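Biologist: Before I rely on any of the labels attached to this chain, I would like to hear how each of them was reached. Could you take me through the reasoning, value by value?

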Amino acid sequence: MTEATIPTDASPANKEAARSSEGTAESIATLLGDEIYQGKHAPDAPLREIALATRLGVSRRSVREALLLLERRGLVLHEHNRGARVRRMRQADVLDLYRVRRILEVQGARAAPTASTAARTHLARAYETLVASGESNDSFEIIRADLAFHGAVVGLADSPRIDGFFRHIGDEMRFAIALLREDETRSGVADIDVVADHSAIYRHLLDGDVVEAQLAILQHIEFNERRLLRLVAA
């Protein structure tokens, strides 16, 4: 084969095809991730490429790429000769995830008195969104708003790297919050009560009271960690 006939991925057509494929995989991953958060795919449930491709009207390759994305996000597991399945959160996962939460959110609280105006404004908006979600009777929105609020707490540190790390564990955190929200719904806990649990954290952060903010954060994390440990052990 001469140099002139060697195929190259640098061609505009190949680049466009790659972008299209990545976009499709990302869209499929988002859809399937939302379905997992909503409990439409139970833990350990198989995710069959052919069935998903048929249902969604996409190629098996796009589904395969989407499942790999979800594996990197901690929502899916791949087993040799068995394919993909929804990940089941274990007690060790909960303990490790919430260990990371303590480090990141306590660091955010420590920075509250000197946080930038932009970071404090972002926190205020995240809290307002969380309050509004509690009045919407929409569990999916509550889960989104809950995660966004805690992300805004972390954001008080004004550190792009810390923010990036929180985003990295965001899908696992959202999965954990979804499990908690499902338990709250079964137990008849009112949406507004879920939101109220965050009010003390917000108030102390707004006041720049580092000690009380950290205490409220740790109490919140420890309470929900215990609940999650019970849920995943059932």
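**From values to labels**

Modeller: Let me start with helix H5, whose buried residues are covered by elements that include H6, helix H9 (191-196) and helix H10 (199-207). Please keep in mind throughout that this is a predicted model.

Biologist: Which residues of H5 are buried?

Modeller: In H5 the buried residues are Ala119, Leu123, Ala124, Ala126, Tyr127, Leu130, Ser133 and Gly134. As background to such a list, an α-helix has 3.6 residues a turn, so residues three or four places apart point the same way.

Biologist: What makes glycine 134 count as buried?

Modeller: Buried means under 20% relative accessible area, and glycine 134 has a relative accessibility of 6%, so it counts as buried. Glycine 134 belongs to helix H5, and once residues up to four places away in sequence are set aside, it touches Ile142, Asp191, Ile192 and Val195. The C-alpha atoms of glycine 134 and aspartate 193 are 8.1 Å apart in space, although 59 residues separate the two in sequence.

Biologist: How do you know that the end-to-end span of H5 agrees with its number of residues?

Modeller: Helix H5 (residues 117-134) has 18 residues, which at 1.5 Å a residue should span 26 Å; the C-alpha atoms at its ends are 26 Å apart, and therefore the two values agree.

Biologist: Why is H4 called oblique to H6?

Modeller: Helix H4 (residues 91-110) packs against helix H6 (residues 139-155) at an angle of about 60°, and their axes are 6 Å apart. That angle makes H4 oblique to H6, because angles under 35 degrees count as roughly parallel, those over 145 as roughly antiparallel, those from 65 to 115 as roughly perpendicular, and the rest as oblique. On the H4 side the contact is made by Arg101, Leu104, Glu105 and Gly108, and on the H6 side by His150, Val153 and Val154. Sorted by class, this contact of H4 with H6 has three nonpolar, two polar and two charged residues.

Biologist: H4 also holds glutamine 91; why is glutamine 91 called partly exposed?

Modeller: The partly exposed class lies between the buried limit of under 20% and the exposed limit of over 50%, and glutamine 91, at 40% relative accessibility, therefore counts as partly exposed. Leaving out neighbours within four places in sequence, glutamine 91 is in contact with Leu229, Val232 and Ala233. Its C-alpha atom is separated by 8.6 Å from that of arginine 230, which is 139 residues away along the chain.

Biologist: Turning to the strands, how do you know that S2 and S3 pair, and in which sense do they run?

Modeller: Two strands pair if there are at least two bridges between them, and strand S2 (residues 76-79) and strand S3 (residues 83-86) pair in the antiparallel sense over four bridges. Among the partners, histidine 78 is bridged to alanine 84 in S3, and glutamate 79 to glycine 83 in S3. S2 and S3 form a hairpin with three residues between them, and asparagine 81 in the turn has a positive phi of about 65°.

Biologist: What makes S1 and S2 edge strands?

Modeller: The three strands form an open sheet in the order S1-S3-S2, with antiparallel pairing. Strand S1 (46-47) and S2 are the edge strands, as each pairs on one side only. Helix H3 (residues 60-72) lies across S1, S2 and S3, and runs at about 115° to S2.

Biologist: Which loop residues have a positive phi although they are not glycines?

Modeller: Most residues other than glycine have a negative phi. Aspartate 44 has a positive phi of about 75° and is found in the loop between helix H1 (12-37) and S1, while aspartate 158 has one of about 55° and lies in the loop between H6 and helix H7 (160-168).

Biologist: Are these aspartates buried, exposed or partly exposed, and why?

Modeller: Buried would need under 20% and exposed over 50%, so aspartate 44, at 30% relative accessibility, counts as partly exposed, and aspartate 158, with a relative accessible area of 41%, is likewise partly exposed.

Biologist: What share of the whole chain is buried, and how many helices and strands has it?

Modeller: Buried residues make up 44% of the 234 residues, and the chain has 11 helices and three strands.

Notes:
Residues numbered from 1 in each chain as written. Predicted model: local features only at pLDDT ≥ 70, side-chain atom pairs only at ≥ 80, totals over all residues. Heavy atoms only, no water. Axes fitted to C-alpha atoms, helices over the stretch in contact; angles between N-to-C directions. Helix = DSSP H or I, 4+ residues; strand = E, 2+ residues; numbered from the N terminus. Contact = heavy atoms within 4.5 Å. Nonpolar A, V, L, I, M, F, W, Y, C, P; charged D, E, K, R; others polar. Expected span 1.5 Å × (residues − 1). Buried < 20%, exposed > 50% of the residue type's maximum accessible area, 1.4 Å probe, protein only.
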